[in-house]
Amino acid sequence: MAKSARSRKRSSRKPARTAAQRRHSGRPRRRLWWALAVLAVMAAGVGGYVAYLNHLITSQFEAKRYALPARVYAAPLELYAGARLDAAAVGRALRLLKFERTGKGAAQPGTYAVQGDGYLIHTRGFTSPDGNEPSRTLAVRFAQGRVASVSTVSGRTVALARLSPLLIAKIYPLSHEDRILVRLDALPPLLPKALVAVEDRRFYLHHGVDPVAIGRALVVDLRARRFVQGGSTLTQQLVKNFYLSNRRSLWRKFNEAIMAVLLELHYDKRTILETYLNEVYLGQDGQRAIHGVGLASEFYFGKPVQQLDTAQIALLVALVRGPTYYDPRRHPARALARRNRVLRELHAAGELDAASLRRAQAAPLGVIAKPPSSVTPFPDFLDLVRRQLGRDYRAQDLRTQGLVIYTTLRPLVQIAAQRAVDQGLRRLEARRDIKRDTLEAAAVVTSVENGEVYAVVGGRRANFDGYNRALDARRSIGSLFKAATYLTALEQPQRYTLATLLDDSPLHVRTGQGQQVWSPLNYDRRNHGKVPLMDALVHSYNVSSARLGLDLGLPAVIRTAHALGIKQPIAEYPAILLGAVPVPPLEVAQMYQTLAAGGYRAPLRAIQTVVDPRGNSLQRYPLKIERAAPESAVYLLDAALHDVTRRGTARSLKTLLPAGLEVAGKTGTTNDLRDSWFAGFGGNAVAVVWVGRDDNRPAGLTGATGALPIWAAIMRGINAQSLHITQPADVTWTTIDPQTGLRTQDYCPGAQWMAFIKGSEPSGTSSCQVSATRRALEWFKGLLK
């Protein structure tokens, strides 16, 4: 029994496993662990990749949603009683700003109507660093070339109104994307509704990916046996536009779906919809890509998106599906059909009633024939803006940060200056039998008081973005440089006054270690003996001017030139006294602006303020004034420059300028008549004009025959104010006998009024004799005055 029990026990034991069997039995377990490990690694990889996509979403979406071009604006046109603006000038400004003329009234912002001797203008509201300007309807009246009154339609007087500044340029990203950012709240309510109804009707129900839409698209595609419909949501489209390429692949769709879900985890529907409306591609203008509904509205309809009607809103939404295929300018029939389909879908969604649907479908496309140009109309001025911005901003920042740059440009002044140059050169070539299109010119117009640059003309061809002669042409300035010599003398009243007699006899100066002789000549090839300092300047005598400069010393004259604003290095050789100094017109304008401002130099500036896209001021370019020369000495020089335009080398201005417009200035002519210059100023504006040839061959023009007529045309075109120089307290006037440089008693033939710093007047009296008849005649003239 016991044995049988033991036997049964042994027989119930499992046989011992071999090593091979043990190895075989462990494989499933190891495979399971390997599978779990691989899955863990894959999960970690997927998780890491999703985390990477999540970081990509949040970092780029928050830090910088768009590469925004910098926008550059002109100075706003100011309207106030007494402004030197006539109806024609304001009309030109309104057309530049794309105001629409209406038959009667001005019901909407951006419209105007003619009313009697003025305008009814419905201005556009705008925000600027100088304060907010409300949108309002203004009645503007004119009289005698000025604004007579500005008032509201209710009759309340408005002290100052500003028209919205003109957008003059954009500095684009390297991608050439362009857009105008708009807030969702500022859009017509129908626009986002239309987009959702047509492009993603379940937008507010899904979480970035819509399985229903994907299934519906799949069924349609299977039936058509080709890709007909996509299931992408607006969120997926935004992800594709923002982060991914347009290349079709399963990997891109995978990324798109994950990133869409992540985007909706971080941002609400409102933010996503607003971003989409600002990002969506809606057309092409040459190299410039039109993005966002804000810019598209301007591009297709010439008006802000806030002013679009139902039919125009539907057309914008229609373009989302394919802006090239449905381009309303190239394919109007396609665009019309697609627009009307959008309108029907709006009606089906309950956003349009039947009557509104019929009206909108009957409306024309309403697209303007020619879109606003993306090329700046003022490239010469923009060139100066870029250079001044380059001191403080990187080129990348200007192209991507969406900076808003407010400049000093006065569009009406710029247009008048360019017109004067274009017409003036054509007239000179025709009258003097000069080969057509061989003359060139440059011009700069600035403010007298604050150094703001109003206009820059770099050549005869308007809108030509090329060689900017106003900034880069370094040409000898001729007699314009004499202002520095004479100012240096007048700063020493105990040595020199306007009445000091200068020697205009032949001059021979050894230069170059005595190897060469410099013998300057007057333009008329004559010498004039002893002449008053004032007459030497008024008639631009070279010999007496050179002798004066040598007596003063070249270093002293050069210091004065630099103090006035010339930045170019000036070598110490006698010929500089007659203007053998290559200086660009912009620096000449700085020199004469300092003289016009009474010796206060205000560095010329083309920029007022730079702000970020949110309106926060980043940098102001404030007025900086420095005393460059004594006020009294500058006053004497300005008085002499005024006389230049009345009886000197610029006396022809009396027939070229409006009666009563008093100005001061100086002609400049270089050797062989290669360069013709005129620089001068009135009460509010300084202008400099250069005329010559790019190849430096003789132009055959003096300062008076070439540059001066163009300068006069500019001053006429900008309604320049008459010269007004405040007389310093230590300056007095007296009559001088130009033959002796002494005071006159009684009446003396040719006696001249001259200004003196008190204490520097001549102590002697001229002994000139006057006949009884002449004395009686002068006495009678005095009575008539």
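User: Let's start with a hairpin. How many bridges join strand β13 to strand β14, and do they run parallel or antiparallel?

Analyst: Bear in mind that this is a predicted model. There are 4 bridges between β13 (residues 281–285) and β14 (residues 288–291), and the two strands run antiparallel.

User: Which residue stands opposite I290?

Analyst: That's G283, which faces I290 of β14.

User: And what does the turn look like, how many residues are between the strands?

Analyst: There are 2 residues between β13 and β14, and G286 in that hairpin takes a positive phi near 65 degrees.

User: What about helix α9, is it mostly covered or open?

Analyst: Mostly covered. Helix α9 spans residues 292–301, and 9 of its 10 residues are buried. The buried set is G292, V293, G294, L295, A296, S297, F299, Y300 and F301.

User: What follows α9?

Analyst: G302 follows α9, and its phi is positive, near 70 degrees.

User: Switching to sheets. What's the strand order in the open sheet with β3 and β9?

Analyst: The order is β3-β4-β5-β8-β9, so to speak a list of 5 strands, with mixed pairing. β3 (100–101) and β9 (146–152) are the edge strands, each pairing on one side only.

User: Which helix packs on that sheet?

Analyst: Helix α3, residues 87–96. It touches β4, β5 and β8 (137–143), and the direction of α3 makes about 25 degrees with that of β5.

User: How many bridges join β4 to β5?

Analyst: 5 bridges, between residues 111–115 in β4 and residues 118–122 in β5, with the strands antiparallel. Within that pair, Q115 stands opposite G118 of β5.

User: OK, charges now. How many salt bridges does the count come to?

Analyst: The count comes to 33 salt bridges.

User: What does R270 pair with, and how far apart are the closest N and O atoms?

Analyst: R270 forms a salt bridge with D185, and the closest N and O atoms are 2.0 Å apart. The pair links distant parts of the chain, since R270 sits in helix α8 (residues 269–279) and D185 in the loop between β12 (177–179) and α4 (190–199), 85 residues apart.

User: Why does R270 count as partly exposed? And why does D185 count as exposed?

Analyst: R270 counts as partly exposed because its relative accessibility is 45%, and the range for that class lies between 20% and 50%. D185 counts as exposed because it comes in at 58%, with the cut-off for exposed being over 50%.

User: Which residue does D694 bridge to?

Analyst: R469, with the closest N and O atoms 2.7 Å apart. D694 lies in the loop between β30 (685–692) and α24 (703–717), while R469 is in helix α16 (residues 469–472), so the pair ties together parts 225 residues apart in sequence.

User: Is R469 buried or exposed?

Analyst: Buried, because R469 has 8% relative accessibility and the cut-off is under 20%. Its partner D694 is partly exposed, with a relative accessible area of 42%.

User: Where do D643 and R646 lie?

Analyst: Both are in helix α22 (residues 631–647), 3 residues apart, or about one turn of the helix. They form a salt bridge whose closest N and O atoms are 2.7 Å apart.

User: Why would that spacing suit a pair within one helix?

Analyst: An α-helix has 3.6 residues a turn, so residues three or four places apart point the same way.

User: And how do D643 and R646 count for burial?

Analyst: D643 counts as buried at 7% relative accessibility, whereas R646 counts as partly exposed at 41%.

User: Which residues are linked in a network of salt bridges?

Analyst: D130, E133, R136 and R162 are linked that way.

User: Now the greasy side. Which residues form a nonpolar patch on the surface?

Analyst: Y600, L623 and I625 do, with about 270 Å² of accessible area together. I625 is found in the loop between β26 (617–620) and β27 (626–627), and it counts as partly exposed at 47% relative accessibility.

User: Last one, zooming out. How many helices and strands does the chain have, and what share of its residues count as buried?

Analyst: The secondary structure comes to 25 helices and 33 strands. Of the 785 residues, 51% count as buried. The accessible surface comes to about 38,500 Å², with 52% of that belonging to carbon and sulfur atoms.

Note on methods:
Residues are numbered from 1 along each chain as its sequence is written. This is a predicted model: local features need pLDDT of at least 70, side-chain atom pairs count only at pLDDT 80 or more; totals for chains, interfaces and linings use all residues. Side-chain values use heavy atoms; hydrogens and water are left out. Two strands pair if DSSP finds at least two bridges between them. Patches are made of residues with over 30% relative accessible area and no salt bridge: like charges are joined within 9 Å, nonpolar side chains (Val, Leu, Ile, Met, Phe, Trp, Tyr) within 5 Å. Accessible areas come from the Shrake-Rupley method with a 1.4 Å probe; for residues, only the protein chains shown count as cover. A salt bridge is a side-chain nitrogen of Lys or Arg within 4 Å of a carboxyl oxygen of Asp or Glu. Buried means under 20% relative accessible area, exposed over 50%, partly exposed in between (1.4 Å probe, protein chains only). Contact means heavy atoms within 4.5 Å. Axes are lines fitted to C-alpha atoms, for helices over the stretch in contact, and angles run from 0 to 180 degrees between N-to-C directions.
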